[in-house]
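Visitor: I should like to go through a model with you, beginning with the overall layout and then turning to single residues. Could you bring it up?

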Amino acid sequence: MCLGIPGQVVRMLDGYGGQLALVDVEGRERKVNVGMLEDIALGPGDWVVIHMGFAVERVDREGAERAMAGLELMGRPREPRDGGDGAP
């Protein structure tokens with residue numbers, strides 16, 4: 001796994017050659033380029049690791065949690081979500 005921020009796919013965006021997704025990153029929706037994962041079908045609910053605006057890896061929920069834990073070890077605090085549960 002590379003160093004990046006985990007996010008959960010909300011939906012794929014129309015156009016853009018199928019290479020842009022709306023991804024929830026700690027409660028904020030961001031446009032993320034998923035073109036590097038062109039051989040992997042992504043859909044709502046899938047987790048990805050994002051680096052510099054690009055999804056570089058698809059992970060499961062546990063992988064997303066490990067990525068966030070790694071960022072916390074480096075001093076990046078977890079931002080509270082609307083639900084207050086701290087889940088990635």
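Guide: What follows is a conversation about the fold, the core, the surface and several loop residues of this predicted model.

Visitor: How many helices and strands does the protein have?
Guide: The secondary structure consists of one helix and five strands. Read from the N terminus, the order of the elements is β-β-β-β-β-α.

Visitor: What share of the residues is buried?
Guide: Of the 88 residues in the protein, 36% are buried. The accessible surface amounts to about 5300 Å², and carbon and sulfur atoms account for 51% of that surface.

Visitor: And the contacts between residues at least 6 apart in sequence: what percentage join residues at least 24 apart?
Guide: The figure is 38%.

Visitor: Let us go inside. Which residues make up the largest nonpolar core?
Guide: This core has 11 residues: Val9, Ala21, Val23, Val25, Val32, Val34, Leu37, Leu42, Val48, Ile50 and Ala55. Strand E2, residues 20–25, and strand E4, residues 47–51, each contribute at least two of them.

Visitor: Which strand gives the most to this core?
Guide: E2 does, with three residues. As a general background, nonpolar side chains in soluble globular proteins tend to be buried together.

Visitor: Take Val48 from that list. What is it in contact with, leaving aside neighbours within four places in sequence?
Guide: Val48 is in contact with Ile5, Pro6, Gly7, Val9, Val23, Leu37, Leu42, Ala55, Glu57, Arg58 and Val59. Val9, Val23, Leu37, Leu42 and Ala55 are among the residues of the core, as is Val48.

Visitor: Now the surface. Which residues form a nonpolar patch there?
Guide: Met36, Met52 and Phe54 form such a patch, with about 370 Å² of accessible area together.

Visitor: Where does Met36 lie?
Guide: Met36 is in the loop between E3 and E4. It counts as exposed because its relative accessibility is 55%, above the 50% cut-off.

Visitor: And what does Met36 touch, apart from its neighbours within four places in sequence?
Guide: Met36 is in contact with Phe54, Ala55 and Val56. Met36 and Phe54 are 18 residues apart along the chain, and their C-alpha atoms are separated by 7.3 Å.

Visitor: What about Met52: buried or exposed?
Guide: Met52 is exposed, since its relative accessibility is 71%. This residue sits in the loop between E4 and strand E5, which spans residues 54–59. Its phi angle is near 55°, a positive value in a residue other than glycine.

Visitor: Which loop holds Glu26?
Guide: Glu26 is in the loop between E2 and E3. Its phi is also positive, near 50°, in a residue other than glycine.

Visitor: Is Glu26 buried or exposed?
Guide: Glu26 is buried, because its relative accessible area is 7%, which is under the 20% cut-off.

Visitor: Staying in that part of the chain, what lies 2.8 Å from the backbone nitrogen of Gly27?
Guide: A polar atom of the side chain of Asp24 lies at that distance from the Gly27 nitrogen. Asp24 belongs to strand E2. Asp24 counts as buried because its relative accessibility is 18%.

Visitor: On to Arg30. Where is it placed?
Guide: Arg30 lies in strand E3, residues 28–33. With a relative accessibility of 40%, Arg30 counts as partly exposed.

Visitor: Which residues is Arg30 in contact with, once neighbours within four places in sequence are left aside?
Guide: Those residues are Ala21, Leu22, Val23 and Val25. Ala21, Val23 and Val25 are also among the members of the largest nonpolar core.

Visitor: How far is Arg30 from Gly53, C-alpha to C-alpha?
Guide: Their C-alpha atoms are separated by 8.7 Å, and the two residues are 23 apart along the chain.

Visitor: One last residue: where is Pro44 found?
Guide: Pro44 is in the loop between E3 and E4. Pro44 counts as exposed because its relative accessibility is 63%.

Visitor: What is Pro44 in contact with, again leaving aside neighbours within four places in sequence?
Guide: Pro44 is in contact with Val9, Val10 and Arg11. Between Pro44 and Arg11 the C-alpha distance is 5.1 Å, with their positions 33 residues apart in sequence.

Technical notes. Residues are numbered from 1 along each chain as its sequence is written. This is a predicted model: local features need pLDDT of at least 70, side-chain atom pairs count only at pLDDT 80 or more; totals for chains, interfaces and linings use all residues. Side-chain values use heavy atoms; hydrogens and water are left out. Helices (H or I, at least four residues) and strands (E, at least two) are DSSP runs, numbered from the N terminus. Buried means under 20% relative accessible area, exposed over 50%, partly exposed in between (1.4 Å probe, protein chains only). Contact means heavy atoms within 4.5 Å. A nonpolar core is a set of buried Ala, Val, Leu, Ile, Met, Phe, Trp, Tyr and Cys residues joined through side-chain atoms within 4.5 Å. Patches are made of residues with over 30% relative accessible area and no salt bridge: like charges are joined within 9 Å, nonpolar side chains (Val, Leu, Ile, Met, Phe, Trp, Tyr) within 5 Å. Accessible areas come from the Shrake-Rupley method with a 1.4 Å probe; for residues, only the protein chains shown count as cover. A salt bridge is a side-chain nitrogen of Lys or Arg within 4 Å of a carboxyl oxygen of Asp or Glu. A polar contact is a pair of N or O atoms within 3.5 Å; within protein, one must be able to donate a hydrogen and the other to accept it, and residues adjacent in sequence count only if both atoms are side-chain atoms.
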